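Okay, thanks for coming, everyone. I'll put the structure up now, and then I'd like to walk you through a helix pair and a couple of residues in it.

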Amino acid sequence: MALHDELASAQRCLDELHRYVKRLEQQLGSGGLEMRRVRVDTERLRESLALLRDADPALAQAKRPDLVSIPDTPYDNTLWTDSDDEGLGARDRHAP
């Protein structure tokens, strides 16, 4: 099984654990030290798994968006004929 599949499987298990912990918290109450500890430990496991996913170079590469090149040539001035200058209003009118 590939690393990506293992991480996805672990994430599903942690999501299920999180649901069970929420159910237990509803039944037992969230005031006890033990329940808070279980809840914090569950969150810590989810954060640790997210860090593992981010540390994997193959997965990190897949998350990066494609770069869009922006040309250095100036824009066509006709694009701005009907635009307003921010804070100044339209070019053919005076600012208040």
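Let me start with a word I'll be using: buried, here, means under 20% relative accessible area. Keep that cut-off in mind. Also, please remember that this is a predicted model.

So, the overall picture. We've got three helices and zero strands, and reading along the sequence you just get α-α-α. Of the 96 residues in the protein, 12% are buried. The protein exposes about 8,600 Å², and carbon and sulfur atoms supply 55% of that area. As for contacts, take the ones between residues at least 6 apart in sequence: 50% of them join residues at least 24 apart.

Now the pair I wanted to show you. H1 covers residues 3–28 and H2 covers residues 33–55. Their axes come within 10 Å, and they cross at roughly 165°. Over 145 counts as roughly antiparallel, so that's what we call H1 and H2 relative to each other. And the hand of it? H1 passes H2 in a left-handed crossing.

What sits in that contact? From H1 you have, among them, Leu7, Ala10, Gln11, Leu14, His18 and Val21. H2 brings residues including Met35, Val38, Thr42, Glu43, Arg46, Leu49 and Arg53. By class, the contact of H1 with H2 has twelve nonpolar residues, three polar and six charged.

Let me pick out two residues on the H1 side. Here's one for you: is Gln11 buried or exposed? Gln11, which lies in helix H1, has a relative accessible area of 18%, so Gln11 is buried. Setting aside residues up to four places away in sequence, Gln11 touches Arg46, Leu49 and Arg53. There's a backbone distance to go with that: the C-alpha atoms of Gln11 and Ala50 are separated by 8.6 Å, though the two residues are 39 apart along the chain.

Then there's His18, also in helix H1. Its relative accessible area is 17%, so His18 counts as buried. And which residues is His18 in contact with, leaving aside its neighbours within four places in sequence? Those are Thr42, Glu43 and Arg46. Notice Arg46 there: Gln11 touches Arg46, and His18 is in contact with Arg46 too.

That's what I had on this pair. Over to you.

Terms used. Residues numbered from 1 in each chain as written. Predicted model: local features only at pLDDT ≥ 70, side-chain atom pairs only at ≥ 80, totals over all residues. Heavy atoms only, no water. Axes fitted to C-alpha atoms, helices over the stretch in contact; angles between N-to-C directions. Helix = DSSP H or I, 4+ residues; strand = E, 2+ residues; numbered from the N terminus. Parallel < 35°, antiparallel > 145°, perpendicular 65-115°, else oblique. Left-handed = near helix turned anticlockwise from the far one by under 90°. Contact = heavy atoms within 4.5 Å. Nonpolar A, V, L, I, M, F, W, Y, C, P; charged D, E, K, R; others polar. Buried < 20%, exposed > 50% of the residue type's maximum accessible area, 1.4 Å probe, protein only. Areas by Shrake-Rupley, 256 points an atom, 1.4 Å probe, with all protein chains shown as cover.
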